[in-house]
Amino acid sequence: RVQVTAPHPPASPLSAHTMGSVEAELWNIFTYYTLHGNALDPEHLALTQMVQLARDVQLLDGTLIKTPLRKPDIELVFISLVKKRTLGKGAQVNPDSGLSNSVDKLTYNEFLTCLLKLSAKLYPSSAEQSAEAAFQQLLMENVLPLASRRSPKSIDVVLENDTSVKELYKYFKASLTKIFEYYASSGMASAKEKASHRGFHAESKNFDELRDETKAKLDKGTQPSDMSVSSSMRLKQNSMTSAMGYADFIRFASDFGLTSKGSSLTMIDIGDLYLAGVANASGTHHGGVRKLRFSDFWEVIIRIALQAYKKCAVSHCDKTKGLLLYMWRQVQTNVGNAMGKNVQTLRSSNKGGLLKGSQDFSREFIAMWQNEEFKDYLYPKKAAPVEGRTVLSKLIAGENVKADRLPPPPPDGVRYELDIEDDDSSVLEGHGIQPDKLRALLARKPEIVMLLQQGLQEIGLDS
């Protein structure tokens with residue numbers, strides 16, 4: 001039995017691509033498979049999804065590769081990486097997202113290491129040269145061209161150039177900020193609670209935040225040690241409420257009905273739109289999902305509106321208003337129930353912020369909706385069919401029809417006639433005019449006879 005192996009095209013050097021674009025593509029590939037594995041946890045890749053990725057990029061296909069992998073090869077590398085992380089450590093909480101590290105799944109950085117180890121098995125000849133050569137061949141010939149991936153689109157044109165959307169942002173910013181801060185602070189409290197149970201402390205501030213805060217104090221001539229306890233607590237609280245993690249956003253989406261049966265979006269859609277909202281953020285691809293700042297939060301709301309109502313032939317602003325209308329309806333029931341469930345847990349110090357934010361949001365939306373006569377933003381009523389009487393009334397009332405522009409009727413008692421002689425008949429028929437039909441027309445329209453006679457008189461041909 002002879003097996004014919006099709007040669008691979010030579011791999012393009014990674015140096016021909018910007019590192020940022022390669023990193024972004026790998027992140028989009030990783031999160032595509034994680035979302036389809038578990039939309040509640042886009043930071044971790046399950047074994048089944050890793051095997052599916054291997055199939056998609058033909059790592060298990062012996063037709064194009066001389067030394068294809070087997071499923072046990074992938075399982076062995078996968079499990080070894082998981083054991084290396086979890087041995088003696090247990091699960092930990094990621095302070096950036098509020099998600100706990102799964103003991104049986106790979107993080108993004110471990111996913112890259114998994115690909116590196118598999119590349120040596122898949123391309124042993126390249127691995128003899130260097131690990132980088134085998135890894136590059138795997139990426140350029142299999143992963144990057146063949147893997148499924150998320151394809152987030154930029155909506156900067158809508159956010160920056162659509163003045164109506166910008167005005168809408170200004171109008172609802174204060175109330176939505178209160179709602180945003182409630183879910184951000186609640187999520188941080190939950191992450192700290194989980195972390196304390198596992199002996200892992202999730203800091204409310206990262207190194208960059210602490211550095212910038214200290215530098216600002218020094219620039220003002222204030223020593224960090226001079227800060228009062230109350231001001232320290234206040235700064236800590238501000239840090240907790242300034243960013244919303246992925247788990248926080250999913251809870252917000254659930255409370256506001258964005259993931260309910262009445263919504264046209266799936267959990268995978270919600271996760272994809274969240275990740276698209278932070279796609280341009282620095283640090284997004286370095287091992288975890290970045291949190292949303294309020295401006296990112298507003299962008300995700302716009303993205304949800306554009307995705308949910310993409311079939312509606314209305315403006316971007318009306319699609320956003322349609323989503324806000326849907327959220328307003330959910331405020332009347334879901335949000336109150338959601339807040340009531342958390343009263344006893346004391347997980348958030350901003351419950352009053354949610355209540356106040358929801359009340360302000362409801363009041364602002366009702367005022368806007370009433371001012372627009374309770375418009376149906378997504379399916380506006382079609383204009384009524386035009387009636388002849390209506391158009392005539394407009395013409396008479398306007399300046400399009402003037403009395404002096406109307407053709408004058410023939411004087412009473414005057415009858416115009418046009419005699420057509422036999423000689424004229426032959427001439428008319430030569431031009432395709434039938435004399436009988438011409439006589440009938442002139443009999444019905446005597447004003448035409450008048451105009452013809454006036455014209456003949458002006459040129460001196462009237463006899």
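Helix α11 is a good place to start, since eight of its 10 residues are buried and the helix is mostly covered. Buried here means under 20% relative accessible area, exposed means over 50%, and partly exposed lies in between, with a 1.4 Å probe and protein chains only. Helices are DSSP runs of H or I with at least four residues, strands are runs of E with at least two, and both are numbered from the N terminus. The structure is a predicted model, in which local features need pLDDT of at least 70 and side-chain atom pairs count only at pLDDT 80 or more, while totals for chains, interfaces and linings use all residues. Residues are numbered from 1 along each chain as its sequence is written, and side-chain values use heavy atoms, with hydrogens and water left out.

The covered residues of α11 are Tyr246, Asp248, Phe249, Ile250, Arg251, Phe252, Ala253 and Asp255. Just past the end of this helix, Gly257 has a positive phi of about 75°.

Phe249 also leads into the interior of the model. Together with Met50, Phe249 has the most contacts inside the largest nonpolar core, which has 92 residues. Such a core is a set of buried Ala, Val, Leu, Ile, Met, Phe, Trp, Tyr and Cys residues joined through side-chain atoms within 4.5 Å. Helix α13 brings the largest share of this core, 10 residues.

Met50 sits in helix α2 (residues 47-56), where Gln49, Met50, Val51, Leu53 and Ala54 are buried. Contacts, defined as heavy atoms within 4.5 Å, join Met50 to Leu45, Ile74, Phe78, Phe111, Cys114, Leu115 and Leu118, when residues up to four places away in sequence are not counted. After α2 comes Gln58, with a positive phi near 65°.

Leu115 appears again among the partners of Leu138, a residue of helix α6 (residues 131-146). With neighbours within four places in sequence left aside, Leu138 is in contact with Leu59, Leu115, Ser119, Leu122, Tyr123 and Val143. Leu138 counts as buried because its relative accessible area is 0%. The C-alpha atoms of Leu138 and Val57 are 9.4 Å apart, although 81 residues separate the two along the chain.

Aromatic rings offer another view of the structure, with 27 aromatic pairs found in the whole of it. Rings of Phe, Tyr and Trp (its six-membered ring) pair if their centres lie within 6.5 Å; planes under 30 degrees apart count as stacked, over 60 as edge-to-face and the rest as tilted. Phe249 and Tyr274 make a tilted pair, with 5.5 Å from centre to centre and 50° between the planes. This pair bridges distant parts of the chain, as Phe249 belongs to helix α11 (residues 246-255) and Tyr274, 25 residues apart from it, to helix α12. Phe249 is buried because its relative accessibility is 0%, and Tyr274 is buried because its relative accessible area is 0%.

An edge-to-face pair is formed by Trp328 and Trp369, at 5.8 Å centre to centre and 65° between the planes. Here too distant parts of the chain are linked, with Trp328 in helix α14 and Trp369 in helix α15 (residues 351-371), 41 residues apart. Both tryptophans are buried. Ring pairs also join a cluster whose members include Tyr169, Phe180, Phe249, Tyr274 and Trp298.

Helix α15 also holds Ser362, which is buried because its relative accessibility is 12%. Beyond its neighbours within four places in sequence, Ser362 touches Trp328, Val331 and Gln332. In the loop between α15 and α16 (388-397) lies Glu373, a residue other than glycine whose phi is positive, near 60°. Glu373 counts as exposed because its relative accessibility is 69%. Phe374 lies in the loop between α15 and α16 and, although not a glycine, has a positive phi of about 50°.

Finally, the second largest pocket holds about 300 Å³ of space. Among its 14 lining residues, Lys153, Asp272, Leu273, Arg303 and Gln307 are the closest to its centre. On a 1 Å grid over the protein atoms alone, a pocket is an open set of points where a 1.4 Å probe fits, with protein on both sides within 12 Å along at least five of seven lines, and lining residues have an atom within 4 Å of a point. Helix α12 gives the most to this lining, with four residues.

Methods
Grid points are joined across faces, edges and corners, and a volume is the space filled by probe spheres set on the points.
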